[in-house]
4 protein chains.
Amino acid sequence: MGTIKPGGLGIKTRLFQVIFESDTRLAKGFDVFLALLIFLSVGIILLDSVPEYHARFGELFYVMEWGVTLLFTIELALRIYCLEKPKLYLKSFYGVIDVLAVLPTWLALLFPGAQTLVVVRLLRTLRLFRVLEMMTLVGEGRLLMDALIRSRDQILLFLFAVLLVVTIFSSLLYLIEPAEAGFTSIPKSIYWGIVTLTTVGYGDITPVTPWGQFISMMIMLTGYSIIALPVGVFSAEVIRALRAERYSEEACPGCGKHRHEVDARYCKYCGTWLDEETPDPRSSG
Amino acid sequence: MGTIKPGGLGIKTRLFQVIFESDTRLAKGFDVFLALLIFLSVGIILLDSVPEYHARFGELFYVMEWGVTLLFTIELALRIYCLEKPKLYLKSFYGVIDVLAVLPTWLALLFPGAQTLVVVRLLRTLRLFRVLEMMTLVGEGRLLMDALIRSRDQILLFLFAVLLVVTIFSSLLYLIEPAEAGFTSIPKSIYWGIVTLTTVGYGDITPVTPWGQFISMMIMLTGYSIIALPVGVFSAEVIRALRAERYSEEACPGCGKHRHEVDARYCKYCGTWLDEETPDPRSSG
Amino acid sequence: MGTIKPGGLGIKTRLFQVIFESDTRLAKGFDVFLALLIFLSVGIILLDSVPEYHARFGELFYVMEWGVTLLFTIELALRIYCLEKPKLYLKSFYGVIDVLAVLPTWLALLFPGAQTLVVVRLLRTLRLFRVLEMMTLVGEGRLLMDALIRSRDQILLFLFAVLLVVTIFSSLLYLIEPAEAGFTSIPKSIYWGIVTLTTVGYGDITPVTPWGQFISMMIMLTGYSIIALPVGVFSAEVIRALRAERYSEEACPGCGKHRHEVDARYCKYCGTWLDEETPDPRSSG
Amino acid sequence: MGTIKPGGLGIKTRLFQVIFESDTRLAKGFDVFLALLIFLSVGIILLDSVPEYHARFGELFYVMEWGVTLLFTIELALRIYCLEKPKLYLKSFYGVIDVLAVLPTWLALLFPGAQTLVVVRLLRTLRLFRVLEMMTLVGEGRLLMDALIRSRDQILLFLFAVLLVVTIFSSLLYLIEPAEAGFTSIPKSIYWGIVTLTTVGYGDITPVTPWGQFISMMIMLTGYSIIALPVGVFSAEVIRALRAERYSEEACPGCGKHRHEVDARYCKYCGTWLDEETPDPRSSG
């Protein structure tokens, strides 16, 4: 957020502090109110999609939706107003989402069909992370995120290998199984393969020939066993991240380097005595 | 339990020792008897719910249920009798459960329908943990519980993120898939999303359009991979807990090094006597 | 095996060495032959259960089954013959299995129905572990087994807690869901609960009411998350077992105690200098 | 790759460098082009298997398939041309795949049915790993692969034990369950057992008797719990591999202690210079 600065002193600065920061009491209140409003708007979308509720409370939902849309629009206007470079904000991830959250309802005035796009507003739930972050509730999550980023490459490689294997075996089943069993094309067989390997197992497509069932068993056992890979890699990364706490934060007084283990007595880079409170036994020897 | 004290010496104290504590042989016998009675009452509820068994043994079950209810009621009366502050007990977690366990059968005398509430008695199985705890069989479980509590925040954050992602993708499928496929409302789509992401995969609702199947595959692969997160976090916490158990937090008074095992008497690096409260046997030898 | 001794020198001793031990080349050949015979007998049982194969090769299977039975009977007779205390063997785990493996075919001469019990012979596959063990292929497995035994109590406690939770929630669904959805009794609801919590998800019984689906989602998310517990506990135990390699096998020359870490220079119990090849720096100070 | 050498200087050598190596810019371009061509050919196979697309774009796909086949054939010819010992290459893993990738289309000129074998070309996706490897994107994967190889024996032993248990319990269900439930033979019961234990749970075969459901629950809980074994073993191996990467195996020449980090130049315990091949900068200062 470092690039988005308040547009001046006075009202704009105060608005900026309330909307974009969360140090003051008012700013925290705004964050909580925004979170509740997002939950409410999501609740309306969810309930309005149920035919019975739509029939009974449809008009109430319509009014509430307009209420939420107006509040979101005002919030958006204030955000734009109190920023120096509003374009930068509108092009940012959360900016795009904020605009998408209010657009469908307004568009529906012109094009009646646009109403259904209101589900886009669900993306606003992502802002909840922002709110959580501001309230420093996700300090815990950073460690998790770091470990996830570190193990990302290995997990993507794993998924790529999984996809290749699934594609090969699914094509085999496309050749073996009759079309009546549901294996009508290779893409559909791949869908079945993913359903099987991830152990979801809907049962909408199932092999019926002995060989098809045999290969399925291979896929299942593979899927059951190789889950160990991402789990193992990620576990190791979390443990490594937790162990990072084992390194002292002190720099060496000799060479200034960091990352000394907490039980180190001499700098591993230049051999300087690290414990400044007791004398170096070498100097007395 | 520290706040619940026996109501006086004599009979009350002895009753308290048998019912609430488990040092004496009689008290242990009472715990075992109570555990068996809870298992029996649960067994009756389970079997009585099977139509065939209800038809054949319904009356026997009825008599046994009253027998168990009477025994539970007597136990409850004794608990109240032997305590100094019975109200405190009745408001406690186990107190509420103990009352709920006997209430339905008595209420059924006045309101015949109340009988079905007897399943509430199943909650009494929770008391089994209490019995286990008293018999110190769950010493092992404490370590597990500690690790669970330490990783709770991260796992809740994980579940929250999972719910957001499921909500967004499920809404997408609600838009894409025809209602005949089962995606009749967003809440139902979310139900499908959870069934898919957790790899349960009932198959009561399955996508039928190519795009729906493609997004489903994304959800499945996500669900299959991100299980690594709670597992990794929890594994790391268990490993940390096990290690904390083994290494002392004290530094050696001789060389200042850490990471001595808890049963160490001499520093493994410099041979200094570690236990500062007792003299070093070598100096007196 | 320590209690089972050969019955004398000469033929009995040699037989014992071939059948019960696996040092000599002949004994190893016997083990391999036995393993192959077990695989063959299992193969016959499997194929004979397929109606088409039974119709076409039924008589061949019948002859082969008698062949295998005769070979197993001869082996059993030789085992009994070469042992000093055959009763001890017959009461042992593998002894019972060896008898059960041949009994059904012989009994079928008297009682035709006994034939179907031949599947008991599948238990003989357990002997394959014995063969594997003798061929020291499972040296790897011991570490795994040790970790499994160490984490057994925690995993059993975990399963017990899981069963309690499933029982309580399944009973709730029995009250909520209509019988037509398949929740006809509490035991059947528990079956559904286990199918759901373990993420198997057959789909033969599925909730149809909104509340039932909501509670199901809770069970699914629980089952999806708490798999972390047994995995975490077991991972920690395997890591602990692997780390056991970090302890030196050498005993302290001062007090004779073991379990010194490989980087220890002084005995942590008595302070004696551990490295016998270099002098103790204290003696020169 | 060491055994496959270029057939001479000039054009052959340069061709070899482009096709088999990936140091030069042209060679990297060739790798990317090959990867894209493989993806394209896989895409054609996938889409051509969908009946609608086949009906509409069938002729286009046919032309493109011939185009890809010609390009692959030219590539194969060039590979053979620029090698000194082409037979060695043709017998290698990737050589066989390269031949199989072009054979079906050519064979279809003689035998019309051979066309369906074109799915064999999917195996060419395996070459993508080769391309990835050359572009050193899989450096990350090596650690993962090492850990996988180290834990392979234990995971295979685990799968073997799982298969034995599934075979025994599935046979039991074959005896208990009626044939109408789908348990028509032991092999089919084993298929059901694997579907259940791996928590896939299609639901195409489900137990209907109380005892069958009870045993199923045992299998489910087993499958749900024992996933901890391969995961635990693999996690431990990844952690060990990551740690091995960080700590040197050398002991300090001054104090004999181990566990120095690989980038350490001085012993962290006694300050001794660790790198014996170069002089200590302190002594010259």
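E75(A) and R79(A) join their side chains in a salt bridge, with N to O at 2.6 Å; the term covers a side-chain nitrogen of Lys or Arg within 4 Å of a carboxyl oxygen of Asp or Glu. Both sit in helix α3 (residues 51-82) of chain A, and because they are four residues apart there, about one helical turn separates them. Helices here are DSSP runs (H or I, at least four residues; strands are E, at least two), numbered from the N terminus. Over all chains, the salt bridge count comes to eight.

A word on the model: it is predicted, so local features need pLDDT of at least 70 and side-chain atom pairs pLDDT 80 or more, while totals for chains, interfaces and linings use all residues. Residues are numbered from 1 along each chain as its sequence is written, chains are lettered from A and ligands numbered from 1 in the order written, and side-chain values use heavy atoms, leaving out hydrogens and water.

Staying with chain A, the unreviewed UniProt entry puts "transmembrane region" at residues 30-48, 60-81, 93-120, 155-176 and 214-236. Such annotations may be inferred rather than shown by experiment; positions follow the numbering used here, and feature names are shortened. Here are two of those spans:

| Span of chain A | Helix | Strand | End C-alpha atoms apart |
|---|---|---|---|
| residues 30-48 | 100% | 0% | 27 Å |
| residues 155-176 | 100% | 0% | 31 Å |

Now for chains C and D. A turn of 90° and a shift of 0.0 Å along the axis lays chain C on chain D with an RMSD of 1.6 Å, superposing by least squares on C-alpha atoms of residues with pLDDT of at least 70 in both. That's the relation of a four-fold axis.

Where they touch (heavy atoms within 4.5 Å), chain C brings 51 residues and chain D brings 49. About 4200 Å² is buried between them, 74% of it from carbon and sulfur atoms; that's accessible area (1.4 Å probe) lost on putting the two together, summed over both. Zero salt bridges link chain C and chain D. On the chain C side, α2 (25-48), α6 (127-134), α7 (139-176), α8 (186-197), α9 (210-226) and α10 (228-243) each supply at least two residues. Only 20% of chain C's interface residues are also interface residues in chain D, so the copies meet through different surfaces.
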